[in-house]
Amino acid sequence: MSSFEAPKGTYDLIPPDSDTFNAVREALSAPLRRAGYGYIETPAFEHTGLFSRGVGESTDIVTKEMYAFTTKGGTDLALRPEGTASVLRAALQANLHRLGNLPVKLWYSGSYYRYERPQAGRYRQFSQVGAEAIGAEDPVLDAELIILAVDAYRSLGLRNFRLLLNSLGDQECRPAYRAALQDFLRGLDLDEDTRRRVDINPLRVLDDKREAVQKQLVGAPMMRDHLCEACKSYHEQVRELLTAAGADFEDDPKLVRGLDYYTRTTFEFVHDGLGSQSAVGGGGRYDGLSEMIGGPSLPSVGWALGVDRTVLALKAEGVELTPPARPDVFAVPLGDEARRVLFGAVTELRRAGVRADFAFGGKGLKNAMKSANRSGARFALVAGERDLAEGAVQLKDLGSGDQGPVALDALTTTIKEKLQ
């Protein structure tokens, strides 16, 4: 055993759990690929200012949770706490928005980092699959992304997730609401940090999970009552499109989410089987983020779905994904010449699309056959000096026990026929 352990708030992803994680990543991204989203990968760290400007200086992510550091050269960097700002930065840097085909539709998968109190479903390094549609303001685009997420969850067999939906308005109607909310909040008994947040971004107070704060928010003004006609119409179109597509949702007027850049459509997926950390994913529209980080006006919308949280949700529902693929063939050589010949045969089988494994380490027949049975392989390929002298190997069906010789030069063809 090593004298070192994984850092607090992190974990090692090893088989067979890693097979489940890979299956979840594949399922979450598959609808995006079918809808024309291209893959993008960004650095694990960025300039700190990208997140303090984009995510918001009043958010817990920036003020308490971001892993920020200064390099030996004096550059302020931070491990990425979320994906949207990085993806938008990369799209702007590559001038993807100038190629004349908007929206730019991108998806990504990777690890993100926040210094949080570790607990079930909340880690300091976590995995997400995300999607961003950059450069278009269209309720159909908002609905598309939400429906793609719904379809991804359903494809995994999840049934007990809920979609929460809200609108946060825009630059036309939010200022008046902000003032009304600030007037209400300033009359409450709040701690110093929360009062400071009231001045910077009062909507963030609505997202406060503490019961003592939530009790005082009864009767607080809601954004839905202050939406301008354009935002009301936009939000209603999103709702109608979701309903027509069979994507059930619940209106949640207090839904804000933990980032400052959201405008208009905001949504979150929750699963009640996860306890207090019930969110499994979410997103929304962020029409002003490009300008915040020095770019042109590019109305955009996106989401991020938590791989870790989705795996926990699957466990809560008792959903088991398809087990990892077992080898079709397990080669058992008896002697040095057989090792050379069977390794060549295994290589040829793999190149022909057959899953094949090998008894490494010079094991004897008994131990090698135990390994073959434990592998879950369908066939064992056994060869010794006498078999090779006859230009053949023994093919054993590990299910029925039937065994017989197969000519070496017909091995790949024979095995593929039997597998079919």
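A residue is called buried here when its relative accessible area is under 20%. By that criterion, in this predicted model, helix α12 (residues 307-317) holds V307, D308, R309, T310, V311, A313 and L314 as buried residues. Their packing partners are helices α1 (17-34) and α5 (139-155) together with strands β6 (125-134), β9, β10 (279-285) and β11 (300-306). After α12 comes G318, which has a positive phi near 70°.

Several of these strands belong to an open sheet of eight strands, which is mixed in its pairing and follows the order β1-β5-β6-β11-β10-β9-β7-β8. The edges are formed by β1 (38-39) and β8 (250-251); each has a single partner strand, so one side of each lacks a neighbour in the sheet. Strand β7 (residues 161-167) runs parallel to β8 and is joined to β8 by two bridges. In one of the pairings, L164 has E250 of β8 as its bridge partner. Helix α10 (residues 229-244) lies across β7, β8, β9 and β10, and its direction makes an angle of about 160° with β7.

Turning to the pockets, the second largest one encloses about 460 Å³ of space. It is lined by 23 residues, with Q171, R174, Y262, T263 and M292 closest to its centre. Two or more lining residues come from each of α6 (174-185), β9 (263-271) and α11 (289-292), and α6 contributes the most, with three. Sorted by class, the lining of this pocket comprises nine charged, seven polar and seven nonpolar residues.

Terms used:
Residues numbered from 1 in each chain as written. Predicted model: local features only at pLDDT ≥ 70, side-chain atom pairs only at ≥ 80, totals over all residues. Heavy atoms only, no water. 1 Å grid on protein atoms, 1.4 Å probe; cavity = no way out; pocket = protein on both sides within 12 Å on 5 of 7 lines; lining within 4 Å. Points joined across faces, edges and corners; volume = space filled by probe spheres on them. Helix = DSSP H or I, 4+ residues; strand = E, 2+ residues; numbered from the N terminus. Nonpolar A, V, L, I, M, F, W, Y, C, P; charged D, E, K, R; others polar. Buried < 20%, exposed > 50% of the residue type's maximum accessible area, 1.4 Å probe, protein only. Contact = heavy atoms within 4.5 Å. Pairing = 2+ DSSP bridges. Axes fitted to C-alpha atoms, helices over the stretch in contact; angles between N-to-C directions.
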